[in-house]
Amino acid sequence: MTAQENRLIPAPAEWSPETGSFNLTPTTFLLARDMQAFQDAVTFRDICIDWFDFPLKTAIKEIGSGPYIEVAYDSTLDLPDGGYILVIAPEGIKVTGKADGGVFHGLMSLLQLMEPKPDRTISIPCQTISDGPRFVWRGMHLDVCRHFFSVDEVKQYIDLLALYKFNSFHWHLTDDQGWRIEIKQYPKLTEVGGWRNGTMVGRYSDQQYDSIRYGGYYTQEEIREVVDYAAKRHINIVPEIEMPGHATAALAAYPEFSCTGGPFEVAQGWGVFPDIFCPTEETFTFLENILDEVMALFPSSVIHIGGDEAPKDRWKECAHCQALMQREGLASEEELQSYFVQRIEKYVNSKGRTIIGWDEILEGGLAPNAMVMSWRGTEGGIAAAKDKHQVVMSPNNDCYFDHYQGDPANEPLAIGGMTTLEDVYNYEPVPPGLSKEESAFIIGAQANVWTEYILNFEHVEYMAVPRMIALSEVLWSTNRKSNFDDFKLRLARNLQLLDRQHVNYSRTWQTQ
Ligand SMILES: [Zn+2]
C-alpha cells in the first residue's frame, strides 16, 4: 500500500489496490454518458484547473480510443444513494454513481488520489473502490453574523465541504449582531440591520468594545450564485432565519415587530438578548414575507427557523402576548413559543417545505412535522427521535468547532469548551438507548462554526480543519475501524492536498 493510496478520507467502504497507474495527460478526455454526469464532469474540469492548472477536455460521447475518464449515472447500482464505483485501470478510469451526488463523490475520491508530476502529467494509482454514505445529512454550518465572510470565502468553505463529501451547508444568516441576506421587501434589514457601530474585542469577561462600524450582507444575486456553486458540488444550502429570538438586528431595523417598540441597536457584544419578535399578526406577515423571498432563493426542502435562546422576559410583560396566550389557552410563555413555531411551520409547510429548529423548539410542544437539530447535548435529539421526528445531531461537546481543540494556553482565544480532533473522530451520532426504529430518525450530524471569536476566514479554516475531516469519516464511512492512530496517519497524507490549496489548518492534533 503506497502512501498515496492510503490517504483517502472519508475511508471508502470497499477498496482494493491494484498494480500500475493511470497517467492523465493534456489529451485525456473526460467523457460523460448522460447530461447529469456531464454537469459533474464540467465541475470536475473546473476544479482540476483550479487545483493543478490542468485542462481536461470534456464531452458527452461514447468511449473512442485513447486515454479517458468516463463518468455515468446508474440508478441500478447496489449502493446507497450518493454511492459510487471508481475503477482506475492503466487504460482508463470509470466512475459510476447512484442518484444525486454519486458521480461527484467518485470524482472527489479521484481528486484526492491525483498526484501531479513535474512533467505536468498527473499520476493516479490503479485501484477499485465501491463506496457509499452512512448518513443522508452530512453537515457543516457557518455563522456569518458575528463576523462576515465574503462570497469568495463562502465558496472556499463549500470547496472544503465538497472535498470531504459533505452534502449540507447550514448558512446562519441572521442574528443579533447582523442581518446578512438582502430582503427586497424590507431593505432596512440590511441597510440598518447589516451594520453595527462596534464589536466586542477579546474575552467576554473583559467587556471591551471597539467603535469600528462593522457589517456586510449578501445581495440576492450573490445568494443565487452561491446556491448554484454549491448545487454543482451536490451540496444543499439550508438557510437559517432566526426567530423568535436572536432578532436584535431585525428589530433595530423594524422595532414595530418587538413587544416594546424599541428603539434598538444592532448588538455589538455576544450572548443572548431579551428583545425578541412579538407574535402579532403584523409580525407573522413580516416573517412570512421574508420566508417567501428566502424560499425563492434556496431550493432546500428544509428551512432552518432557529428557535434557540429566546428569553421570555418581554413576552411576560407584554399585554398583547398575555392576551394572545389567554385567547389561545396557552399555559406558559414556552407554549407561546410553540404556538409561534407552529404558525411558522404551517406557513412553510404550505409552500411544500419542512422546518428544522434548534432543540428548544421541543419546549412547549414540538410542531407536528418539524425536524430537530440537537445542540444542547443529545437529550433533545433522543426525545424527538422517540417522537418520530427526524433529527440532525449537533451536540456541543463533539460538534462545536468554535470550541478549543487543544490547551487554551497555546490556542487563539475561543469561546470555551474543549473538542479535540480525537473527540470528533470518536463521535457516534446515534446515541445509545434508542431502538432500531427510533435510530432511523437520526439522519446525520453537523458541526457548527460560530464566529464570535473568529475574526477572519483563515481562522475559520483553523477551527474547521482538520476537525471537519474527522467528522466526514464519522458521517460517511460504513466500516469505521475507530483507529485514531491510523486516522492520523491518513490525515497527515491527506492534508498535503490542502497544503497545495494553502488552507490554514490546525496542527494542534500532531502533539496530542
Ligand atoms: Zn409581545
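A helix's bend at a residue is the angle between two fitted axes, one for the seven residues ending there and one for the seven starting there. Keep that in mind for helix α17, which bends by about 25 degrees at A492. What you're looking at is a predicted model, and its protein chain is assigned two domains, domain 1 (5–131) and domain 2 (137–511).

**Helix α17**
- Take residues 484–500 and you have α17, a helix of 17 residues.
- From its first C-alpha to its last, α17 reaches 25 Å, close to the 24 Å expected at 1.5 Å a residue.
- Just after α17 comes H502, with a positive phi of about 60 degrees.

**The barrel**
- Here 8 strands close up into a barrel, and their pairing is parallel.
- Going round, the order is β9-β10-β17-β18-β19-β20-β21-β22.
- From one strand to the next, the twist averages 30 degrees.
- For one pair, look at β19 (residues 354–358) and β20 (residues 371–374), which run parallel and share 3 bridges.
- In that pair, I356 stands opposite M371 in β20.

**Where the two domains meet**
- The C-alpha centres of domain 1 and domain 2 sit 34 Å apart.
- Their contact draws 16 residues from domain 1 and 21 residues from domain 2.
- On the side of domain 1 that touches domain 2, α1 (35–52) and α2 (102–113) each chip in at least two residues.
- α2 gives the most to that side of domain 1, with 5 residues.
- Sorted by type, the residues on that side of domain 1 are 8 nonpolar, 6 polar and 2 charged.

How values were computed
Residues numbered from 1 in each chain as written. Predicted model: local features only at pLDDT ≥ 70, side-chain atom pairs only at ≥ 80, totals over all residues. Pairing = 2+ DSSP bridges. Helix = DSSP H or I, 4+ residues; strand = E, 2+ residues; numbered from the N terminus. Axes fitted to C-alpha atoms, helices over the stretch in contact; angles between N-to-C directions. Expected span 1.5 Å × (residues − 1). Domains from an automatic or database assignment. Contact = placed C-beta atoms within 7 Å. Nonpolar A, V, L, I, M, F, W, Y, C, P; charged D, E, K, R; others polar.
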